[in-house]
Amino acid sequence: MRVSADRTVCIGAGLCALTAPTTFDQDDNDGLVKVLTPTPDPTTENEVREAADICPSGAVTFTE
């Protein structure tokens, strides 16, 4: 799995960081998404999928 986030559409809701904190965080300066782990551990796959599903702006995506 590979994770990406489009900061140009991110609204800074922070749901990704709350749902998958080892993969996502929020930038201290602007509050927008930061991808901490572009290729997350397989054990976090469910939370990464959930983070992508609940992202209100659709900024978080993943590929198999």
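Visitor: How many salt bridges does the count come to by the rule used here?

Guide: This is a predicted model, in which local features need pLDDT of at least 70, side-chain atom pairs count only at pLDDT 80 or more, and totals for chains, interfaces and linings use all residues. Residues are numbered from 1 along each chain as its sequence is written, and side-chain values use heavy atoms, with hydrogens and water left out. With a salt bridge taken as a side-chain nitrogen of Lys or Arg within 4 Å of a carboxyl oxygen of Asp or Glu, the count comes to 3.

Visitor: Which residue forms a salt bridge with Arg 7?

Guide: Arg 7 is partly exposed at a relative accessible area of 32%, where buried means under 20%, exposed over 50% and partly exposed in between (1.4 Å probe, protein chains only). The closest N and O atoms of the pair are 2.6 Å apart, and the partner of Arg 7 is Asp 30.

Visitor: Which residues are joined into one network by salt bridges that share partners?

Guide: Arg 49 pairs with Glu 45, the closest N and O atoms being 2.7 Å apart, and also with Glu 64, where that separation is 2.4 Å. Because Arg 49 lies in helix H2 and Glu 64 in the segment after strand S4 (60-63), this second pair ties together parts 15 residues apart in sequence; helices (H or I, at least four residues) and strands (E, at least two) are DSSP runs, numbered from the N terminus. The salt bridges share partners, and the network consists of Glu 45, Arg 49 and Glu 64.
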